[in-house]
Amino acid sequence: MRNAKTIPARPSRAAPGPAGDGRRARIGLLGGSFNPAHEGHRHVAEVALRALRLDQVWMLVSPGNPLKPSAGMAPFAERLASARRVADGVRVVATDIEARLGSRYTFRTLALLRVRFRRVAFVLVLGADNLLQLPRWRRWREIARQTALAVLPRPGYSRMALRGRAASVLRHTRRDAGGLLALTPQDGLLQAGEGAWCFIPAAERSISATAIRAGARS
């Protein structure tokens, strides 16, 4: 009788480690405080998976968003645990990789991930509210040049975001969802200077972390 061999998990399904690996995949990055994570986040991840034909979405739990006050922010471990409860651990994976990389700024996180996962095509998944405030992000033009952006509707923000400064500046690189990664070369990398973005029409979910926190206090 032959000894049973352990079959390793496919790299594209494994949770990301700070050292990186050689996986070849199309991965969406859904960052946030997740204070707490909820089904609206899972909805966004699943819409992005389908519309962009992604292999996986990573929920990047921020160790501390520079644009958000620390007051009312749950401890990192609690926020990570809430994200893991919402994720399925296979196609949608909650990860603490930003904290493990020591990064709080998106431009730096993206740069570190590109070095560690050289064969991955990353797409930054944003709600319309984040597209509206994108010009407040540090080195936001660099982010938009080097990384594909996928924007999903957010109640009360979608129209404003599509008429906002970021959408205006980036109007010449807007694509439809199906063609967002058409600029990806054969080796699976997005070329610097060829970032593109799209708006993905989808049902809007009014659930929010703010409302969940308010309900928990009442």
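A contact here means heavy atoms within 4.5 Å. Keep that in mind as you work through this predicted model.

**Exercise 1. Find out where E98 sits and which residues it touches.**

Step 1: Locate the residue. E98 lies in helix α3, which covers residues 97-101.

Step 2: List its contacts. Leaving out residues up to four places away in sequence, E98 touches L60, V61, S62, P63, S103 and T109.

Step 3: Look for a charge partner. E98 is buried but has no salt bridge. The nearest side chain of opposite charge belongs to R79, and that is 8.2 Å away. A salt bridge needs a side-chain nitrogen of Lys or Arg within 4 Å of a carboxyl oxygen of Asp or Glu, so there's your cut-off.

**Exercise 2. Work out how E46 and R42 pair up.**

Step 1: Start with the general idea. Side chains of opposite charge can pair when their charged atoms come close.

Step 2: Check the distance. The E46 and R42 side chains form a salt bridge, at 2.7 Å from N to O.

Step 3: Ask why they can be neighbours in space. Both belong to helix α1 (residues 39-52), and because they are four residues apart there, about one helical turn separates them.

Step 4: Compare their surroundings. R42 has a relative accessible area of 19%, so it counts as buried. E46 comes out at 30%, which makes it partly exposed.

Step 5: Widen the view. R42 and E46 also belong to a network of salt bridges together with D88.

**Exercise 3. Describe two other salt bridges in the structure.**

Step 1: Get the total. There are six salt bridges in the structure.

Step 2: Take D96 and R100. Their closest N and O atoms are 3.8 Å apart, and they form a salt bridge. D96 is buried, with a relative accessible area of 18%.

Step 3: Take E142 and R139. This salt bridge has its closest N and O atoms 2.9 Å apart. E142 is buried at 17% relative accessible area, while R139 is partly exposed at 46%.

**Exercise 4. Decide which stretches to read with care.**

Step 1: Look at the whole chain. The mean pLDDT is 85, and 82% of the residues reach 70 or more.

Step 2: Check the start. Residues 1-12 have a pLDDT below 50, and this stretch makes four contacts beyond near neighbours in sequence.

Step 3: Check residues 184-193. The pLDDT is below 50 here too, and the stretch has 25 contacts beyond near neighbours in sequence.

Step 4: Draw the lesson. Where pLDDT is low, don't read the predicted coordinates in detail.

How values were computed: Residues are numbered from 1 along each chain as its sequence is written. This is a predicted model: local features need pLDDT of at least 70, side-chain atom pairs count only at pLDDT 80 or more; totals for chains, interfaces and linings use all residues. Side-chain values use heavy atoms; hydrogens and water are left out. Helices (H or I, at least four residues) and strands (E, at least two) are DSSP runs, numbered from the N terminus. Buried means under 20% relative accessible area, exposed over 50%, partly exposed in between (1.4 Å probe, protein chains only). Lys and Arg count as positive and Asp and Glu as negative; His and the chain ends are not counted. pLDDT is the predictor's confidence in each residue, from 0 to 100.
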